[in-house]
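Dear colleague, here are my notes on the model you sent over. I have kept them as numbered points so that you can follow along in your viewer.

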Amino acid sequence: MSIKIEHVSYSYGQGTAYEKKALDDISLEIPQGQFVGIIGHTGSGKSTLIQHLNGLMRASSGKIYFHGEDIYREGYDMRALRSKVGLVFQYPEHQLFEVDVFSDVCFGPRNLGLPPEEVEARAREALDQVGLGEPYYKKSPFELSGGQKRRAAIAGILAMHPEVLILDEPTAGLDPRGRDEILDQVAALQKERGMTVLLVSHSMEDVARYVERIVVMDDGRIRFDGTPKKVFAHYRELEEIGLGAPQTVYVLRGLAEKGFPVNTEATTVEEARDAILEALGRRNVC
Amino acid sequence: MLKDITLGQYYPRDSVIHRLDPRTKLVGTLVFLLSLFLFRSFACCLVATLFLGAVIRASKVPFGFMVRGLRSIMVLLAITMFFNLLLTPGIPVLRIWKLTVTREGILQALFMAIRLIYLIIGSTVMTLTTTPNHLTDGMEKGLAPLNRLHVPVHEVSMMMSIALRFIPILMEETDKIMKAQMARGADFESGGLIKKAKNLVPLLVPLFVSAFRRANDLALAMEARGYRGGQGRTKMKPLIYQKRDYGAYLILAGYLVCICAAGILSPL
Ligand SMILES: Nc1ncnc2c1ncn2[C@@H]1O[C@H](COP(=O)(O)OP(=O)(O)OP(=O)(O)O)[C@@H](O)[C@H]1O
Ligand SMILES: [Mg+2]
C-alpha cells in the first residue's frame, strides 16, 4: 500500500482564540494505483488533509506512513517525499513565477537535480499532456487565461513524475471541454504509469466518472468511504451534509419510484443509459 | 516567529473594555503611556500596576495573551537594563572588575524595565480589545479637526484600515505560495545567503503579482460601489460616546491625579 494515515488530527491556530479543529481522528489507507475521489462541502477539511500527505502540514497527533515508512520519523527526507507525492493546489495558477511557461514547468524537475536534457524532455511531455503546445512555451505565464494558467501549473507537477498525484479541485473554473481533457489525461496516466491519484472535487459527476473509490469528508471526519455506487446509495445523507449525488442517480431513483424496473446502481451517464435501455428492452417498449 | 506578535491581534470577548469607544481607548492608552514616563517612585509604580491590573481584569482577556508580546522585546529589555545598571553614576554598591553597580543604577534599571514592560502591555491591551477597523475609525473621528488644516484624515485612515486588513491576507498568501513551491521541490531553508535570496524568487514574484492584482480588484470594487473619498460620506455605525465612556474618562482622570500625587508625595 502506498499511503497510510492513522488517527490524524489537526487544529489551526493552536493556542489562540481562533483555534479550529480541521481534522478529527482521520484514518485512511490508499493502495498503490488507486484513483480516489475526496468530496466534502466547503470547509470540511479536504485541503487540510491532502497537505498532510506530502508533509507540508504536520499533524497535531497521529501518524502517516508512505510505503510503510513513518514520515514523522527523525531524519525522514521530506523533500524526497514531496517529489514522490505531487500536490497540485487549489488555484495553482498563483504559483507561476518564471519568465515563460516552459521554464516554469522546468522548475519542479530541475529541483529534483535531473540533467538539463531530461528536465526539458519532461517539461515538453507534461505540457503536451495538459494540452499546451509549442506556441505557449515562450509566453509569459501572466499572459495566459485562467484555464491555461491552471494547465501550466498542473504540468509543473506532472513533469516531476510523482508516484502519487493529488489534485485539489483542478477543474474549478474550467470549461466542460477543458475539464474533461485534463481529467481524461490524468486517468490515462493513472492507468499507464500505475500512478495513485487523489482527486478533490465538488463535482459529483466528475467523481462518479473517474474514480474507483470515494472518501466523503464532513467537519474534519470521514463520513463514507467506498465505491461510488455504495457511497451514492447514501444520497439522502449526502444531501444532509450539503452534498448530493450525480444527476443520473436522481433520474434512476425517480424512475424506480414511479415503478419503472430499472437498476438504480448506475452512477455515470453511460451506465445509466445502459440501465435504462436494459429495463426498456426487458419490457419491450422500443 | 510571526505568531509571537500579539500586537494587532484582536481577542474577541464581551467586556466593558471591548465595548468602550475606540477614541476613549486611544486616549486612555496614550495617557497611560505618558504617565509611565512621569513616574520615578515605587508609589507611582504601585498606582500604575493597580490601574493596569484592573483594566486587564475588566477586559476578560487571558493574561497569557498580554505577555505574549513581551517575548519580542526580551533582548531590548536585557540590553537596556544592562546599560542602565552599569552606566548610572551614584553610590556604588557592587564592584566587579572595572564595572561598578550603583544604587541609582539598580533603581534606574528596574524602573526602565517596568516602563518598557508596561508600555508593551498597555498597548497590547488596546489592540487585543479593539478590532483594527474600529481603531482606525476612532483615529479618523478623533483627528477629524485636522481636516480643516487640509490633512486628508479620511484617506489616511482608509489606507490604514486597508493595509491592516491586507496583512493577514498577504500572510496567508505567502504561506500558500511557499507550500505550493515546496511541493515543487523548492527549498527555502538551506544554502548560503545568496542562494537563499535566489530561492526567494519563486515566492516573491507570485506574491507581488497577487498583491497588485488584489489592490487593483479592490480599487475597482470600491469605485464600482461609488467610493469617492471621504467627502459627504456617512457611517453605518457612527461613533458616539456612551455613558461608560464618560465613566472611563473619569477613572482615567482619577488615575492621573493618583499617579501625580504619588509622584509628589513620595519622591522615591
Ligand atoms: N489557514 C487557516 N487558518 C485557520 N483556519 C483554517 C485555515 N485554513 C483552513 N481553515 C479552517 O479549517 C477548516 C478546513 O479547511 P479546508 O481548507 O481544509 O477545507 P476544504 O474542505 O478544502 O474546503 P474547500 O472546499 O472550500 O476548499 C475550515 O473550517 C477552515 O475554516
Ligand atoms: Mg480546499
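1. Let me begin with the surroundings of ligand 1. The shell around ligand 1 divides into nine polar, three charged and two nonpolar residues. Please keep in mind throughout that this is a predicted model.

2. Which residues come nearest to ligand 1? Of the 14 residues around the ligand, these are Lys20(A), Gly43(A), Lys46(A), Ser47(A) and Thr48(A). As for the elements involved, helix 1 of chain A provides the largest share of the shell, with three residues.

3. Some polar distances are worth displaying here. A polar side-chain atom of Lys20(A) is placed 3.5 Å from an oxygen atom of ligand 1. Backbone atoms take part as well: a polar one of Ser44(A) lies 3.2 Å from an oxygen atom of the ligand, and a polar one of Gly45(A) lies 3.0 Å from an oxygen atom of ligand 1. Taken alone, ligand 1 would expose 630 Å², and the protein buries 67% of that area. Two elements of chain A, strand 2 (20-30) and helix 1, give two or more residues each to the shell.

4. Next, the metal. Which protein atoms act as donors to the magnesium ion, ligand 2? They are OG of Ser47(A) and OE1 of Gln90(A), at 1.9 to 2.5 Å from the ion. Ser47(A) belongs to helix 1 (residues 46-53) of chain A, while Gln90(A) sits in the loop between strand 6 (85-88) and helix 3 (101-111) of that chain, so the two donors tie together parts 43 residues apart in sequence. Ser47(A) is also one of the residues that come nearest to ligand 1.

5. Are these two donors buried, exposed or partly exposed? Ser47(A) has a relative accessibility of 21% and therefore counts as partly exposed. Gln90(A), at 28%, also counts as partly exposed. The cut-off for buried is under 20% relative accessible area.

6. Now to the sheet in chain A. Four strands form an open sheet in the order 2-1-4-5, with antiparallel pairing. Strand 2 and strand 5 (69-70) stand at its edges with a single partner strand each, so one side of each has no neighbour in the sheet. Strand 1 (residues 3-12) of chain A pairs with strand 2 of chain A over seven bridges, in the antiparallel sense. If you would like a place to look, Ser11(A) stands opposite Lys21(A) of strand 2 of chain A. Strand 2 of chain A is also one of the elements that give two or more residues to the shell around ligand 1.

7. Chain B offers a hairpin. Its strand 1 (residues 92-96) and strand 2 (residues 99-102) pair in the antiparallel sense over four bridges. Arg95(B) has Thr100(B) in strand 2 of chain B as its bridge partner. Two residues lie between the strands, and Trp97(B) in the turn has a positive phi of about 55 degrees.

8. Also in chain B, have a look at Arg23(B), which lies in helix 2 (residues 22-38). Arg23(B) is buried, with a relative accessible area of 12%. Its side chain reaches the backbone oxygen of Leu239(B) at 3.3 Å.

9. A last point takes us back to chain A. Pro228(A) is found in helix 9 (residues 228-232) of chain A and is buried, at 8% relative accessible area. The C-alpha atoms of Pro228(A) and Val197(A) are separated by 15 Å, with the two residues 31 apart along the chain.

Conventions
Residues numbered from 1 in each chain as written. Chains lettered and ligands numbered in written order. Predicted model: local features only at pLDDT ≥ 70, side-chain atom pairs only at ≥ 80, totals over all residues. Heavy atoms only, no water. Donors = N, O, S within 2.8 Å, 3.2 Å for Na, K, Ca; no water. Buried < 20%, exposed > 50% of the residue type's maximum accessible area, 1.4 Å probe, protein only. Pairing = 2+ DSSP bridges. Near = heavy atom within 4 Å. Polar contact = N/O pair within 3.5 Å; in protein donor to acceptor, adjacent residues only side chain to side chain. Areas by Shrake-Rupley, 256 points an atom, 1.4 Å probe, with all protein chains shown as cover. Nonpolar A, V, L, I, M, F, W, Y, C, P; charged D, E, K, R; others polar.
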